[in-house]
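Q: Please take a close look at a single part of this structure, the place where two of its helices meet, and describe its surroundings as well.

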Amino acid sequence: TFYTERPYDEEPESFHVRILSSALGGEEAAKDALLYGYKTAASGFSAKLTPRQVDKISMQSLIVEC
């Protein structure tokens, strides 16, 4: 589970897919990995990732905590 900054200018699911796409190499892979998007009490997502992919996503400035 990754907690992100709350997106203000795009839909949460699109925002989460965009973050995942940068580490997974494309939008289709990101959509396949995305398990759940959090958008009410918290902003974030859960995804099925390898340890290397987790490390790559964790380095992004939009990630608050993982």
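A: The answer begins with the annotated span, turns to the pair of helices, and ends with one residue of a strand.

The model is a predicted one. According to the UniProt record, an unreviewed entry, residues 10-61 carry the annotation "domain: Inhibitor I9". Helix accounts for 54% of this span and strand for 17%, and the C-alpha atoms at the two ends of residues 10-61 are 17 Å apart.

The two helices in question are α1, formed by residues 12-24, and α3, formed by residues 51-58. Their axes come within 9 Å and cross at roughly 120°. Because of this angle, α1 is described as oblique to α3. The crossing of α1 past α3 is right-handed. On the side of α1, the residues in contact are Ile-19, Leu-20, Ser-22, Ala-23 and Leu-24; on the side of α3, they are Gln-53, Lys-56 and Ile-57. By character, the residues of this contact comprise five nonpolar, two polar and one charged.

Ile-19 also leads to another element, since it is among the residues that Thr-4 touches. Thr-4 belongs to strand β1, which spans residues 2-4. Its relative accessibility is 7%, and because buried means under 20%, Thr-4 counts as buried. Leaving aside residues up to four places away in sequence, Thr-4 touches Phe-15, His-16 and Ile-19, together with Ser-43, Gly-44 and Phe-45, and also Leu-62, Ile-63 and Val-64. Ile-19 therefore appears in two settings: in the contact of α1 with α3, and among the residues touched by the buried Thr-4.

Definitions and conventions. Residues numbered from 1 in each chain as written. Predicted model: local features only at pLDDT ≥ 70, side-chain atom pairs only at ≥ 80, totals over all residues. Heavy atoms only, no water. UniProt positions renumbered as here; feature names shortened; annotations may be inferred. Helix = DSSP H or I, 4+ residues; strand = E, 2+ residues; numbered from the N terminus. Buried < 20%, exposed > 50% of the residue type's maximum accessible area, 1.4 Å probe, protein only. Contact = heavy atoms within 4.5 Å. Axes fitted to C-alpha atoms, helices over the stretch in contact; angles between N-to-C directions. Parallel < 35°, antiparallel > 145°, perpendicular 65-115°, else oblique. Left-handed = near helix turned anticlockwise from the far one by under 90°. Nonpolar A, V, L, I, M, F, W, Y, C, P; charged D, E, K, R; others polar.
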